[in-house]
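Please open the model in your viewer and keep the sequence panel beside it, since this tour moves from one selection to the next.

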Amino acid sequence: MDENDKKEERDEKELDIPDSLPILPVRDIVVFPYMILPLFVGREKSIKAIDHSLGSNRMILLLTQKDLNVENPQKDDLYKIGTVGLIMRMLKLPDGRVKVLVQGLAKARCTKISEDDTFYTGSIEKVEEEKSEDVSLESEALIRSVKEQIDNVVSLGKTILPDIMVVIENLDDPGRLADLIASNIGLKTDQAQEVLEIVDSLIRLKKVSDILSREIELLTVQQKIQTEARGEIDKTQKEYFLREQLKAIQKELGDIDERMEEVREFKKKIEEAKMPEKVLKEAEKQLKRLEKMHPDSAEAATVRTYLDWLVELPWAKSTKDNLNIKAAKKVLNNDHYDLEKIKERILEYLSVRKLNPKMKGPILCFIGPPGVGKTSLGRSIARALGREFVRISLGGVRDEAEIRGHRRTYVGALPGRIIQGMKQAGTNNPVFMLDEVDKIGTDFRGDPSSALLEVLDPEQNSDFVDHYLSVPFDLTKVMFITTGNIGDTIPAALRDRMELIRLSGYTTEEKIGIANDFLLPKQLKEHGLSLRLFNISDSALNLLISQYTREAGVRNLEREIANLCRKVAKQIAEDKKKKFLITNKSLNKYLGAPKYLPEEEMKKDEIGVATGLAWTETGGDIIYVEATTMKGKGNLTLTGQLGEVMKESAQAALSYVRSKSRELSIKDDIFSKTDIHVHVPAGATPKDGPSAGVTLATALASALTGMPVRKSIAMTGEVTLRGTVLPIGGLKEKTLAAKRLGIATIIVPKRNEKDLADIPKYVKKDMEFIFADIMDDILKISLKWPQKKKSAGTTARSRKQTAK
């Protein structure tokens, strides 16, 4: 027995371990004998156990918790075998915790745990280990093997203090060696407790050897992974170095590598693109930058994408215009019914192009209600010209970058939609349609309509600069066509750059022609039908247009025709019938009851009711203005959801009537003793605009004079306080509304006489237009005066014009 063993025996005799000790539960650590470590104690029971131990023999039983998450462990939450520790030092911390330095003395088994109000106390018995005087060959070999294993673990990167390694080298006791290694290799709690509970020292050391073997395998795999990762990094650096060397060698030999092949391909594309000089300089500059960059760098990918955009844009690629005027006219007529004014404008452009090939492209703006064929007209124009067609929708666009693009400093930057459209077209002279230009928005990201000013200005778009490209692109050869429903919502500066062409709604006759020539053949083809199986009579189409749709265009008409085709196709598929002819009598059998009923014509001339004409987004319509008087104090009441402009027109009309009270034989005191109520049905529909001024004045004059208004006359026009009748817009739509209702006489401002040229002859047929300069003439014609007053209308009658 050496001196150390003799010293340990003397220490154990001096420190006689009692049969009962206070228990200190510890978590996430197992304390082994001869192990010195600090413990931080915060639980109230544990602090009281330490205080009791310090007041007696300074010994305490250290038992490990089975579950470290349990805050207040019970008897069953603690392992039964632990270590008796000696409290060497104690320090109270400011946060209420206690720090103790503990040395493990010996293993002990807790046979019974008792609890009082302060802490746990355990009845213990010391776990004795048998120590043989002679070291066997097996134990010596095991000790050497374990020492070699721990050296191997350290060499593979496991951190163990050098002082501990020195102690391990000098230990020959298998139990002490197993405990020391187990306490310093970072075992999990359950593994360390398993080692602690093994009584036989050799078996315990074998267990530690097995643990070290597994640790060596894990560390070997970990080191292999780290070596491979480091090797990949070293490989990349090595490849870069070798690539640069190869580049230098190839430069001397005149060879090229893969990157140089890419550069050469870009050079070829740049030459083929035939870029302008300024763009060519920028492309060559970026190509030189790419040549010097590492191919895998992020900056190289950005430059490569930029060069791809430059070489793929149609800088000098154009399509040859089809300047055959007759062929272009045939294409336009085949694709669209009527629209003579627009067709004439396109043919004029082709004629000028034929005489002057270098003329700049026009910028047209089609304004009209939904469904009148604005977008499809753009496609027809492209087909007639033999050009590519590109369409983008601007509805709801709020970001200026949508037009001008993002700068290349942003991640994922791209050119704006104009340049994207040019790339999509593949030529520098497409027909470029900008749909819904009246619905562009504005917010903190910019004003897209202002960005469009440069695009749609023939004097500026020769040098359009997209933020992404940062070089000018010539848009002068592009034929821009914009569309919108209302011209008033387009910003004035933008509207000034465009040639506005208004598409009014179609008449019933035009819609029947469109349905027969275009819509019905299209839907028959889509539904697998033919005229041999299915057809619609003109009378049925007339009823379908007037009572199942209410629109200026033909979009809903096409939907209803498609609905009929589906129902017929279903019956044919069920072998119910072989041929179908839809008439006005059988239409409701397929589509149900009519959705819209026409306004009823007034049955007789009434006092205070005048018929007016109004323009709406879906075409023209008629309105009835009703005025009535009652006893009161001279108040004017306006109802029917009238807008501010219409309310002001009513006030002006009343002021005019009051100023003419003597001529109209109205008593002067009637305005102070009578309340006037003006109502415009239908009350749920908002109404606004100045063109109802003459209708309001006529209704008021009728109500105040007691003279009925002729039911056969409709009127439109704005009236001033002096009684002057001002011109209005939408005369064609308003005329169509009157014709639909069967009203043959319309009173129109004199200054609108020129607009009769825009109304088709078949619409003007059997229609009488009376042109008036002043309100007096309108009252003489529209009011049903007594016989003696009739001669007053001769002046106005001389201005009548009956359209032939």
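**Charged pairs to select**

Begin with Lys126, which is partly exposed because its relative accessible area is 34%. The model you are looking at is a predicted one. Keep Lys126 selected and add Glu128, because the side chains of these two residues meet in a salt bridge, with 3.8 Å from N to O. Glu128 counts as exposed, since its relative accessibility is 53% and exposed residues are those over 50%.

Side chains of opposite charge can pair when their charged atoms come close. For another example, select Arg144 together with Glu140, which form a salt bridge whose closest N and O atoms are 3.3 Å apart. Both belong to helix 3 (residues 137-155), and because they are four residues apart they are separated by about one helical turn. An α-helix has 3.6 residues a turn, so residues three or four places apart point the same way. When you show the surface, remember that Arg144 counts as exposed at 54% relative accessibility, while Glu140 counts as partly exposed at 34%.

Next, move along the sequence to Lys750 and Glu753, whose side chains meet in a salt bridge of 2.9 Å from N to O. Lys750 is partly exposed, with a relative accessible area of 30%, and Glu753 is also partly exposed, with a relative accessible area of 26%. Then select Asp321, Arg353 and Arg387, which are linked in a network of salt bridges. The structure holds 36 salt bridges.

**A buried serine**

Now go to helix 2 (residues 44-54) and pick out Ser46, which lies in it. Is Ser46 buried or exposed? Its relative accessibility is 4%, so Ser46 counts as buried. If you leave aside the neighbours within four places in sequence, Ser46 is in contact with Leu24, Pro25 and Val41.

**Helix 20 and its surroundings**

Select residues 555-573 next, which make up helix 20. With 19 residues at 1.5 Å a residue, helix 20 should span 27 Å, and its end C-alpha atoms are indeed 27 Å apart, which agrees. Among the buried residues of helix 20 are Leu557, Ile561, Leu564, Cys565 and Val568, and Glu558 and Glu560 are also included. Colour the partners against which the buried residues of helix 20 pack: helix 18 (508-526), strand 14 (534-536), helix 19 (538-547), strand 15 (580-582) and helix 21 (587-591). Just after helix 20, stop at Asp575, which takes a positive phi of about 60 degrees.

From here, find Leu529 in the loop between helix 18 and strand 14. Leu529 counts as buried, because its relative accessibility is 13%. Setting aside its neighbours within four places in sequence, Leu529 is in contact with Leu524, Phe534, Cys565, Val568, Ala569 and Ile572. If you draw a distance from the C-alpha atom of Leu529 to that of Arg566, you should find a separation of 9.7 Å, although the two residues are 37 residues apart along the chain.

**An enclosed space**

Rolling a probe the size of a water molecule over the atoms shows where empty space is left. How many cavities of 30 Å³ or more does a search of the whole structure find? The search finds one, and the largest cavity has a volume of about 40 Å³. To see what surrounds this largest cavity, select its lining: Lys360, Gly361, Ile363, Pro458, Asn461, Leu475, Thr476, Val478 and Phe480. Colouring these lining residues by type will show five nonpolar, three polar and one charged.

How values were computed. Residues are numbered from 1 along each chain as its sequence is written. This is a predicted model: local features need pLDDT of at least 70, side-chain atom pairs count only at pLDDT 80 or more; totals for chains, interfaces and linings use all residues. Side-chain values use heavy atoms; hydrogens and water are left out. Helices (H or I, at least four residues) and strands (E, at least two) are DSSP runs, numbered from the N terminus. The expected span of a helix is 1.5 Å times one less than its number of residues. Buried means under 20% relative accessible area, exposed over 50%, partly exposed in between (1.4 Å probe, protein chains only). Contact means heavy atoms within 4.5 Å. On a 1 Å grid over the protein atoms alone, a cavity is a set of points where a 1.4 Å probe fits but cannot get out, and a pocket is an open set with protein on both sides within 12 Å along at least five of seven lines; lining residues have an atom within 4 Å of a point. Grid points are joined across faces, edges and corners, and a volume is the space filled by probe spheres set on the points. Ala, Val, Leu, Ile, Met, Phe, Trp, Tyr, Cys and Pro count as nonpolar, Asp, Glu, Lys and Arg as charged, and the others, Gly among them, as polar. A salt bridge is a side-chain nitrogen of Lys or Arg within 4 Å of a carboxyl oxygen of Asp or Glu.
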